[in-house]
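Hi everyone, thanks for making time this morning. I'd like to walk you through one model, and please follow along on your own screens as I go.

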Amino acid sequence: MSYFKLQAGCLAILLYIAFIYFHGCLKYHRKFRHSLFGKMIAIGITEIFLDGATAYTVNYLECIPDMVNLILHLFFLLSIDATIFAVFMYILHITGLEPESRKGKLLILLPFACNASVMIFTIGSLKYIKGRTTNYSMGIPVYCCYIMVAVYILLLAGVLIKRWNYINSDKHNGIITFFIVYSVITVVQMIFPEILISSLAITVMILGIYMNFEDPAVKELERYYSETVMNFATLIENRDSSTGGHIRRTAEYVRLIAEELRRNGQYKEILTKDYIENLLNAAPMHDIGKISVPDSILKKPGKLTGEEFEIMKRHASDGGNIIRETFGNLGNKEYCQIAYEVSRYHHEKWNGNGYPDGLKRNEIPLCARIMAIADVFDAVSERRCYRDAMPIEQCFEIIAQGSGQDFDPIIAETFLNAREKVVKIHDKFIKDTDMQKHKIS
């Protein structure tokens with residue numbers, strides 16, 4: 001037992017994390033079968049178990065058949081590689097930086113595959129060295145593990161440095177912890193190979209990931225928060241006499257535009273996973289400023305007078321102020337900034353003739369340029385208190401005519417090229433509305 005006390009303690013911690021994680025997933029009805037974090041826990045438990053097994057067998061060489069020792073060490077070293085690779089992929093996943101192309105995925109897998117191959121073919125060269133307190137193994141397979149850690153840390157550092165400003169600040173601490181833990185423990189293990197603390201690295205990492213990113217209770221709170229924002233926006237929307245569903249429809253159009261832009265390689269550096277997630281959560285807040293518009297103007301069935309229109313226009317700047325004052329201290333500064341920009345600038349125009357600040361072209365934040373197209377298309381394609389819904393083809397024509405004048409031409413083209421998907425979203429909401437009316441009647 002004295003040879004694997006550390007591993008036994010780490011194994012107990014990981015088993016406890018596994019229990020509370022899967023219990024939380026069941027409690028909050030979250031899927032864990034295909035969870036990357038769940039797989040990471042399984043790999044980590046395997047790695048620590050094998051670490052403890054090899055720590056024992058390497059000290060009883062006279063009792064353990066050499067082949068058994070080699071096989072255990074091979075699987076242990078491969079499990080270390082798998083753990084390092086899993087953590088690397090997890091960080092790419094939560095930051096939205098994982099490659100989308102098959103070629104990119106193969107390039108990322110290449111160091112792991114090459115390293116595993118070298119280990120398998122050189123495991124017979126493993127040497128067992130007698131230390132002061134315990135025996136330990138050295139040789140080409142062990143050096144490969146060190147190289148593997150260094151390669152993936154350097155790869156991750158290069159990617160993150162390039163995209164650091166587009167990753168939510170609340171993820172920065174967890175990512176920095178990864179570098180500190182793995183770097184320090186790897187260096188210490190290389191300098192003092194006898195201390196056998198590799199299991200400590202994965203335990204600290206999984207514990208940190210769970211606390212920072214994967215706690216099901218925290219994720220459930222985030223879901224409640226998103227629903228609260230949506231419900232708040234719905235209350236504001238219900239003040240006017242539109243047919244309802246505007247915020248949900250525009251959110252779907254925003255999602256489609258953002259994903260299509262990213263898929264086409266447009267604004268890809270900005271449209272990270274975090275950015276799109278924040279944009280989707282912020283989209284329902286784009287008309288929050290209408291809470292300050294009098295009902296006599298908001299619900300007026302006819303055309304607004306010049307004075308009334310000036311009052312209506314103030315909802316953009318008022319909305320931005322409300323976001324700053326109400327949501328500015330929630331902790332996610334990236335979300336608050338995008339919500340502010342969406343609310344204040346979604347009526348700005350590409351040619352500078354919009355309001356409230358007369359911004360033009362790239363002066364208008366990308367999130368607001370996306371929101372503008374989603375907002376206008378939904379406004380003309382649905383019935384309002386002052387007019388009926390326009391034919392769908394006419395709605396697309398309005399977007400096409402506004403390209404380069406009212407709208408960013410790249411975003412407008414992307415939206416028009418996704419016509420079939422847009423119509424599918426539009427028809428889905430019409431069908432849902434008809435079903436609701438049928439139930440009520």
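Let me start with a word I'll lean on: a residue is called buried when its relative accessible area is under 20%, exposed when that area is over 50%, and partly exposed in between. Also, please keep in mind that what you see is a predicted model.

With that cut-off in hand, let's try it on a residue. Take T54, which sits in helix α2. Is T54 buried or exposed? Its relative accessible area is 4%, so T54 is buried. As for what surrounds it, if we skip neighbours within four places in sequence, T54 contacts L72, H73 and F76.

Now let's stay with α2 and see how it packs. Helix α2 covers residues 36-57, and helix α7 covers residues 198-214. A quick reminder for those who don't do this every day: a pair of packed helices is described by the angle between the axes and by the distance between them. For α2 and α7, the angle is about 160 degrees and the axes are 10 Å apart. Angles over 145 degrees count as roughly antiparallel, and therefore α2 is roughly antiparallel to α7. Their crossing is left-handed.

Who makes that contact? On the α2 side you can click on F37, M40, I41, G44, E47, I48 and D51. On the α7 side, the residues are S198, S199, I202, T203, I206, I209, Y210 and E214. Sorted by class, this contact of α2 with α7 has eight nonpolar, four polar and three charged residues.

Helix α7 has another partner I'd like to show you, and that's α3. What is the angle between α3 and α7? It is about 25 degrees, with the axes 12 Å apart. Under 35 degrees counts as roughly parallel, so α3 runs roughly parallel to α7. This crossing, of α3 and α7, is left-handed as well. From α3 the contact uses F76, I80, T83, V87, Y90 and I94, and from α7 it uses S198, I202, M205, I209, F213 and E214. By class, the contact of α3 with α7 has nine nonpolar, two polar and one charged residues.

If you'd like one residue to zoom in on here, try S198, which is placed in helix α7. Leaving out neighbours within four places in sequence, S198 contacts E47, D51, F76, I80 and Q189. S198 and I80 are 118 residues apart in sequence, and yet their C-alpha atoms are 8.2 Å apart in space.

Let's zoom out to the cores. The largest nonpolar core has 61 residues, and the members that touch the most others are F37, F178 and Y182. Which elements supply at least two residues each? They are α1 (5-27), α2, α3 (66-94), α4 (102-122), β2 (135-138), α5 (140-163), α6 (172-191) and α7. The biggest contribution to this core comes from α3, with 15 residues. As for F178, if we don't count residues up to four places away in sequence, it touches V87, I91, I153, L156 and M205.

Apart from that core there is another one, of 53 residues, with I364, I370, V422 and I425 among them. I370 also turns up around I411, a residue in helix α16 (residues 409-417). I411 is at 0% relative accessibility, so it counts as buried. Beyond its neighbours within four places in sequence, I411 contacts I257, L261, Y267, L366, R369, I370 and I373. I411 and I373 are 38 residues apart in sequence and 8.1 Å apart in space, C-alpha to C-alpha.

Last stop: some backbone details. As a general point, most residues other than glycine have a negative phi, and most peptide bonds are trans. Y267, which we just met beside I411, has a positive phi of about 50 degrees although it is not a glycine. Y267 is in the loop between α9 (246-263) and α10 (273-282), and at 21% relative accessible area it is partly exposed.

Then look at the loop between α13 (333-345) and α14 (366-381), where P356 is placed. The peptide bond from Y355 to P356 is cis, with omega near 15 degrees. R361 lies in the loop between α13 and α14 too, and R361 has a positive phi of about 45 degrees without being a glycine.

That's my tour, thanks for listening!

Key. Residues are numbered from 1 along each chain as its sequence is written. This is a predicted model: local features need pLDDT of at least 70, side-chain atom pairs count only at pLDDT 80 or more; totals for chains, interfaces and linings use all residues. Side-chain values use heavy atoms; hydrogens and water are left out. Axes are lines fitted to C-alpha atoms, for helices over the stretch in contact, and angles run from 0 to 180 degrees between N-to-C directions. Helices (H or I, at least four residues) and strands (E, at least two) are DSSP runs, numbered from the N terminus. Angles under 35 degrees count as roughly parallel, over 145 as roughly antiparallel, 65 to 115 as roughly perpendicular and the rest as oblique. A crossing is left-handed if the near helix is turned anticlockwise from the far one by less than a right angle, and right-handed if clockwise. Contact means heavy atoms within 4.5 Å. Ala, Val, Leu, Ile, Met, Phe, Trp, Tyr, Cys and Pro count as nonpolar, Asp, Glu, Lys and Arg as charged, and the others, Gly among them, as polar. A nonpolar core is a set of buried Ala, Val, Leu, Ile, Met, Phe, Trp, Tyr and Cys residues joined through side-chain atoms within 4.5 Å. Buried means under 20% relative accessible area, exposed over 50%, partly exposed in between (1.4 Å probe, protein chains only).
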